[in-house]
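Please look at the sequence and the 3D structure below, and then read on for a short report on one part of the fold.

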Amino acid sequence: PAVSQEREPIVDIFDEKDRVIVIAELAGVNEKDILVETKGNELTISAGSAVRKYSKTVKLPFNIKTKLKQRYKNGILELVFEK
């Protein structure tokens, strides 16, 4: 099957006291195909497989410092950043 058009994943942002948790739905891709980039307060998540492509940039309410954790399970990407 041909690659369908690029989609925006559903992204939820949870702003906690000392960290921010970002959850993105990226069904149908492998963890190795996920690219997470940060620049200032912008977070870009992109992923692609033979059948699905995703890309989304979100602005966070602060400049991103350190990525504390990245986990991908059952199509859900969880990122934790220090603020």
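## A sheet and one of its residues

In this predicted model, strands E3 and E4 (residues 42–48) run antiparallel and are joined by six bridges. Strands here are DSSP runs of E with at least two residues, numbered from the N terminus, and two strands pair if DSSP finds at least two bridges between them. Within this pairing, Val36 has Ile45 in E4 as its bridge partner.

Residues are numbered from 1 along each chain as its sequence is written. Because the model is predicted, local features need pLDDT of at least 70 and side-chain atom pairs count only at pLDDT 80 or more, while totals for chains, interfaces and linings use all residues; side-chain values use heavy atoms, with hydrogens and water left out.

The open sheet has three strands in the order E3-E4-E5, with antiparallel pairing. Its edge strands, each pairing on one side only, are listed here.

| Edge strand | Residues |
|---|---|
| E3 | 34–39 |
| E5 | 53–59 |

Is Thr44, a residue of strand E4, buried or exposed? Thr44 counts as buried because its relative accessibility is 19%, where buried means under 20% relative accessible area, exposed over 50% and partly exposed in between (1.4 Å probe, protein chains only).

Leaving aside residues up to four places away in sequence, Thr44 touches Leu35, Val36, Glu37, Lys56 and Thr57, a contact being heavy atoms within 4.5 Å. The side chains of Thr44 and Thr57 are also joined by a polar contact of 2.9 Å, that is, a pair of N or O atoms within 3.5 Å, of which, within protein, one must be able to donate a hydrogen and the other to accept it, and residues adjacent in sequence count only if both atoms are side-chain atoms.

Key:
Helix = DSSP H or I, 4+ residues; strand = E, 2+ residues; numbered from the N terminus.
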